[in-house]
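Please go through the structure below with this briefing at hand. The points are grouped by topic.

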Amino acid sequence: MPAPRTVAVIPARHASTRFPGKPLALIAGHPMVEHVWRRCQEARAFDEVWVATDDTRIRDVVEGFGGQAVMTSPACPTGTDRIAEVARARPDVEVWVNVQGDEPLVDPGALKVLADLFRDASVHMGTLVRPLEPEEVDNPNVVKAVLALNGDALYFSRAPVPHAREPGTPVRRHAHLGLYGYRRDTLLQLASFSPTPLEETEKLEQLRALENGLRIRCASVSWRTVAVDVPEDVARVEAVLRERAGVR
């Protein structure tokens, strides 16, 4: 099946409790949102790449480095809602990919894997997983994904699932990467749902889709994330960039 028309959207808001102005934080001399935008361009998987924001400062910076920005409502509670607002005005776009704005090291190859899931007409929502490291099993900040044999998600949890009842039983565990793709109708449907019980319990928005009967196809990649949650994470990302460039 040929690739459907696909657009990547980077939700970016200026307000943040732990890191105000995070999209504009300088990393190796460039704003973080620019790093994410350039990784999307390098993926060569998208017909368009947009930054969706509610702040004119972010819009101006994006347009300053040659990107495209669209203004969205400050009332959008989540990135999904922000992307859905953009999608409502674009019936010509079949697939929308949500690229987290705090992932300046997002792997372009992983983005292409996610976009390519939608070459299968049966896929209406997709995401990425990677192998879970042993030291991450009991870490609630690393979300675990349990998959069906066809790659559809059965559940996401902060708990170490699946549980091996018999000691020594080999268990294949997956860590979830917070990147999503949606067909337009599925995205708009998801944005219309109210929060669900499991979502509220685990504090995982993707459970809203599963609780409402939506299927999520998962693709496995090897990319490991270095997200920017607090100001101290900027130095970690810059260290990785220097290492990749061979600079000590």
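Val-7 of strand β1 stands opposite Trp-96 in strand β6. This pairing belongs to a predicted model. Four bridges join β1 to β6, and the two strands run parallel. The points below start from β1, then turn to Gly-181, helix α4 and the salt bridges.

**Strand β1 and its partners**

- Strand β1 covers residues 6-12, and seven of its seven residues are buried, so the strand is largely enclosed by the rest of the structure.
- In a regular strand, side chains alternate between the two faces of the sheet.
- In β1, Thr-6, Ala-8, Ile-10 and Ala-12 point one way, while Val-7, Val-9 and Pro-11 point the other way.
- Residues of both sets are buried.
- β6, one parallel partner of β1, spans residues 95-98.
- Strand β4 (residues 48-53) also pairs with β1 in the parallel sense, over six bridges.
- Within the pairing of β1 and β4, Pro-11 stands opposite Ala-52.

**Gly-181**

- Gly-181 is found in strand β10, which runs over residues 174-183.
- The relative accessible area of Gly-181 is 0%; because buried means under 20%, Gly-181 counts as buried.
- Beyond its neighbours within four places in sequence, Gly-181 is in contact with Trp-96, Val-97, Leu-114, Phe-118, His-124, Met-125 and Gly-126.
- Trp-96 in that list is the residue of β6 that stands opposite Val-7 of β1.
- Gly-181 and Val-123 are 58 residues apart in sequence, and their C-alpha atoms are 9.6 Å apart in space.

**Helix α4**

- Helix α4 spans residues 108-116, and its buried residues are Pro-108, Ala-110, Leu-111, Leu-114 and Ala-115.
- These residues cover an arc of only 160° around the axis, which puts them on the same side of α4.
- The buried residues of α4 pack against α1 (32-43), β6, β7 and β10.
- Leu-114, one of the buried residues of α4, is also among the contacts of Gly-181.

**Salt bridges**

- Side chains of opposite charge can pair when their charged atoms come close.
- A search of the whole structure finds 22 salt bridges.
- Arg-90 forms a salt bridge with Glu-48, with the closest N and O atoms 2.8 Å apart.
- Arg-90 lies in the loop between α3 (79-88) and β6, and Glu-48 lies in strand β4, so the pair ties together parts that are 42 residues apart in sequence.
- Glu-48 is buried, with a relative accessible area of 14%.
- Arg-90 and Glu-48 also belong to a network of salt bridges that links them with Arg-5, Asp-47 and Asp-92.
- Arg-224 forms a salt bridge with Glu-136, and the closest N and O atoms are 2.8 Å apart.
- This pair links distant parts of the chain, 88 residues apart: Arg-224 is in the loop between β11 (217-220) and α8 (233-245), and Glu-136 is in the loop between β7 (125-131) and β8 (144-147).
- Arg-224 is partly exposed at 41% relative accessibility, whereas Glu-136 is buried at 7%.
- The side chains of Arg-57 and Asp-55 meet in a salt bridge, at 2.8 Å from N to O.
- Arg-57 is partly exposed, with a relative accessible area of 47%, whereas Asp-55 counts as buried at 11% relative accessibility.

How values were computed: Residues are numbered from 1 along each chain as its sequence is written. This is a predicted model: local features need pLDDT of at least 70, side-chain atom pairs count only at pLDDT 80 or more; totals for chains, interfaces and linings use all residues. Side-chain values use heavy atoms; hydrogens and water are left out. Buried means under 20% relative accessible area, exposed over 50%, partly exposed in between (1.4 Å probe, protein chains only). Two strands pair if DSSP finds at least two bridges between them. Contact means heavy atoms within 4.5 Å. A salt bridge is a side-chain nitrogen of Lys or Arg within 4 Å of a carboxyl oxygen of Asp or Glu. The arc is that of the directions from the helix axis to the C-beta atoms.
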